[in-house]
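Student: I would like to go through how a few labels are assigned in this model. Please set each value against its cut-off.

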Amino acid sequence: MPPPRNIERLALSLLCGAGLLGLAWLALQAIGWFGVGLLGLFVLFVAVRFELEGNLPVGPQMTPDLYASQFRKHGPEHATDRAEQRTLFARQLSAARLAAGFGSLLTVIGFGFFFMLEFGR
């Protein structure tokens, strides 16, 4: 499947941003600004994990054989296949960075208002 074009990417970014704002509103209604900050931390964690690990399996399920197979499968590919994989990963990485920006913004706003309202009296 080819990566989305610029207009599709913008529409998907707006749709994801609107969905995240909806979740932030629900978190605000449920547990206040602290919930918005926690949602931001969760989004930021997932985005940074994807950016650092390339969405490969990690943790106890990552055996040495599985880890080695992740690198072997890209070794004998043709140069055009590797270029396609790099382009696809670059697109996914830009989406992860956008999500990290949204997560950072929600974290700062949520915890900022929480601490301002809680300790600013």
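Student: What makes the pair formed by the side chain of Thr 107 and the backbone nitrogen of Leu 41 a polar contact?

Tutor: The model is predicted, and in it the side chain of Thr 107 reaches that nitrogen of Leu 41 at 3.1 Å. The cut-off for a pair of N or O atoms is 3.5 Å, so the pair qualifies as a polar contact.

Student: Which backbone oxygen does the side chain of Thr 107 reach?

Tutor: That of Gly 103, at 2.8 Å. This value also lies within 3.5 Å, so the term polar contact applies here too.

Student: Why is Thr 107 called buried?

Tutor: Its relative accessibility is 12%. Buried means under 20%, so Thr 107 counts as buried. For the chain, 20% of the 121 residues count as buried.

Student: Which residues does Thr 107 touch, leaving out those up to four places away in sequence?

Tutor: Gly 37, Gly 40, Leu 41 and Gly 112. Touching requires heavy atoms within 4.5 Å. Leu 41 is thus one of the residues touched, and its backbone nitrogen is the one reached by the Thr 107 side chain.

Student: Where does Thr 107 sit in the chain's pattern of elements?

Tutor: Thr 107 is in helix 4, which covers residues 79-119. The chain has 4 helices and 0 strands, giving the pattern α-α-α-α along the sequence.

Student: How much of the chain's contacts, counted between residues at least 6 apart in sequence, join residues at least 24 apart?

Tutor: The share is 68%.

Key
Residues numbered from 1 in each chain as written. Predicted model: local features only at pLDDT ≥ 70, side-chain atom pairs only at ≥ 80, totals over all residues. Heavy atoms only, no water. Helix = DSSP H or I, 4+ residues; strand = E, 2+ residues; numbered from the N terminus. Buried < 20%, exposed > 50% of the residue type's maximum accessible area, 1.4 Å probe, protein only. Polar contact = N/O pair within 3.5 Å; in protein donor to acceptor, adjacent residues only side chain to side chain.
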